[in-house]
Amino acid sequence: MPQRALNPRSPWTLLVAAALTALSATLLAPPAAQAAPAAPRETRPVYSYQDAIRESVWVDTGLDGDRDGLADRVAVDIVRPREASRAGHRVPVIMDASPYYSCCGRGNESQKKTYDQAGDPVGFPLFYDNYFVPRGYATVLVDLAGTNRSDGCVDVGGPSDIRSAKAVVDWLNGRARAYTTRTGATPATAGWSNGRTGMIGKSYDGTIANGVAATGVRGLRTIVPIGAISSWYDYYFAQGAPLYDTGPDALSETVESPRARERCGAVQRRLIRGAPRSGDRTALWDRRDYVPKASAVRASVFAVHGMQDLNVRTRHLGQWWRALSRAGVERKVWLSQTGHVDPFDFRRATWVRTLHRWFDHYLMGIDNGIEREPMADVERAPGQWSTDRRWPAEHTAATTLHPRPGTTAGTGLLGTVPAAPGSAETFTDDPRHGEADWAAHLDRPTPDKAGFTTAPLTRDLRLSGAGRVTVTAIPTTATAHLSAVLVDLGPDTIRDYTGAGEGIRTRTDRDCWGGGTAGDSACYKVTEPDTAVVHHTVFSRGWADLGTHADARRGRPLTPGRPYTITVDLAAGDHIVPAGHRLALIIAGTDAGLIEPPADRPRLTLDLTRTSASLPVVGGPAAVDRALPAAAPAPAGPRTPPAGVGTSEGVGTSEGGGAVAGVGISAGVGAPHPRTGPPRPAPRG
């Protein structure tokens, strides 16, 4: 990452200038003997949070989504240092644009915005204002169009959502209009802002940061997306297989304001029509896919994702990361073993310190070296982290492993030896069971899965990136879904990502991060790891509708008895299978609680000679050879010759490119107990 010079107009530079002048006057040595004063390494809390300016403005988006004949205005609540304003010093902005400020709240404690009787802002959710305003930043919280105090309509990641946040960045840089009230004509200017903006947020909020960055808007210097979506199609579907039994219209109804609910029926109807539950990829989804626009990103990116996030799955981080890598975007990543959890709640002190340095560098221009530090932090065990100079890890290479029959039907082998011609396994889709059930019974034949395991490893084996599994299957019905799951078979203690806190436990005591007022406390409940002892770890998974084998955009009915080939993309990850453990691949049908079942209940026969896994192994094939004991010879032939094996009806393609091309993230671990139901879109984000 290139080095950034110290910004001569930053408030911190202005504050230290007088001190440096006084210091230089006391130095008696001749100029040649004087050392240059050291540049400041971080901003300090020199401004009063209690006396900060708190105000609201309404920014004109240029849209009329609610069709009331007036341009939509989005509400923007601001808190900024009063002393800097009095001195005429312009400050940078930390911005969180969200639909959740009134309906559902933000953070682990579901904080909402609060206002006094005059409608002026009092309570700002999360710690950003408490911590950063005293250090010379403004905090700007934006109500997305159609939510809380904003006009317009919610369109779930579409043009209205993105434009309503982008307009605020434009206003901060003098390119858009704003007003002091929702309907008035008195203009509001952002003369107090130096235009440098960093967007941050978890879930929907981080998704908006991705989308705004993909517009290439000038002035947006960095984004910090946490558990964020990169393509809304991939939030609701996995290669045609539905992940939820609802669409974006249900999420819109959850977050929109009562006023929007009255006026935005036409937008709701467009969301329903444009997002059919068939899984077909329509123009609506294309407009909500930010990945192809990564080349327009000007901002640096500090991405954070839980490797066991089953709400916003790590496919989102993986494909976004690959695209940013190809575009040469400056970037950093944290990969935790939690589910959908904010780093403030799984690594608080380190997170605040790192985020402080990140914003100081990209918004204040301080040369603190953060851009030269390791790119990736990966959680290896609860609270234990490792770092990598680059991510995916250096020397990672796509490595092919082959499933083949074992001595007992349904319990096959996984290794570098291909299956003998005619080898096959069968299973019947059982929507009552999922990955936890399959993994718990890997060493026993069950009718609902085909499992394949290596021998116990003689060395640790690290997978860093996004893999994929190519499957040739013969269905007995016109519809079929496939799941592919990677499992670490062996005992471990993990974060319990299936628990209520998705890997964290919230205590009753609090710690404080910055200044506070009677209406806005800087103190938050302390959290700690919530762990589980397990005997297997599901660390990557992928799903697909077999009907999309020939066209990723549209599914089609299958012909029973004919073979079809499809490549299932696995969630990117970073996981170490320790020596003594076994690596396993499971291929099955419906992953209960994670994808919806197909219309039929198919029996599928796998042609193992045309089924393989391409995995991102650190050290490549040589590392696999060192970790696996001497391979046993393949069986001479199949136990039961499958009818029709030998030709394939089309070959599906993987959207993600190669197995390790820029990968995403997902290491995590699987608990021995199944989820009690599918993960729904979480209003709390």
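Where does Ala 571 lie? In this predicted model, Ala 571 is found in the loop that runs between strand S26 (564-569) and strand S27 (573-577). Although placed in a loop, Ala 571 is buried, with a relative accessible area of 8%. The C-alpha atom of Ala 571 is separated by 7.2 Å from that of Gly 467, a residue 104 residues apart from Ala 571 along the chain.

A second loop residue, Thr 454, was examined in the same manner. Thr 454 belongs to the loop between strand S19 (449-453) and strand S20 (461-465), and at 4% relative accessibility Thr 454 counts as buried. When neighbours within four places in sequence are left aside, the residues in contact with Thr 454 are Leu 414, Arg 582, Leu 583 and Leu 628.

These local environments belong to a protein chain with 14 helices and 30 strands. Of the 685 residues of the chain, 59% count as buried, and the accessible surface comes to about 24,700 Å², of which 52% belongs to carbon and sulfur atoms. Among the contacts with a separation of 6 or more, 80% are accounted for by residues 24 or more positions apart.

Helix H9 (residues 265-274) was considered next. The buried residues of H9 are Val 267, Gln 268, Leu 271 and Gly 274. Because these residues cover an arc of only 140° around the axis, they are placed on the same side of H9. As a general point, an α-helix has 3.6 residues a turn, so residues three or four places apart point the same way. The buried residues of H9 pack against two further helices, H7 (248-255) and H10 (283-286).

Attention then turned to charged side chains, for which the count comes to 39 salt bridges. One of these is formed by Arg 177 and Asp 60, whose closest N and O atoms are 3.1 Å apart. Since Arg 177 lies in the loop between helix H4 (159-172) and strand S7 (178-179), whereas Asp 60 lies in strand S1 (residues 53-60), the pair ties together parts that are 117 residues apart in sequence. The two partners are set in contrasting surroundings: Arg 177 is exposed, with a relative accessible area of 54%, while Asp 60, at 11% relative accessibility, counts as buried.

Another salt bridge joins the side chains of Arg 259 and Asp 68, with an N to O distance of 3.6 Å. This pair also links distant parts of the chain, with Arg 259 in helix H8 (residues 258-263) and Asp 68 in the loop between S1 and strand S2 (73-80), 191 residues apart. Arg 259 counts as partly exposed at 30% relative accessibility, and Asp 68 is likewise partly exposed, with a relative accessible area of 26%. Both residues take part in a network of salt bridges that links Asp 68, Asp 151, Arg 182, Arg 259 and Arg 263.

A further salt bridge is formed between Arg 175 and Asp 170, for which the closest N and O atoms are 2.7 Å apart. Here Arg 175 is partly exposed, with a relative accessible area of 43%, whereas Asp 170 counts as buried at 11% relative accessibility.

Note on methods: Residues numbered from 1 in each chain as written. Predicted model: local features only at pLDDT ≥ 70, side-chain atom pairs only at ≥ 80, totals over all residues. Heavy atoms only, no water. Buried < 20%, exposed > 50% of the residue type's maximum accessible area, 1.4 Å probe, protein only. Helix = DSSP H or I, 4+ residues; strand = E, 2+ residues; numbered from the N terminus. Arc of directions from axis to C-beta. Contact = heavy atoms within 4.5 Å. Salt bridge = Lys/Arg side-chain N within 4 Å of Asp/Glu carboxyl O. Areas by Shrake-Rupley, 256 points an atom, 1.4 Å probe, with all protein chains shown as cover.
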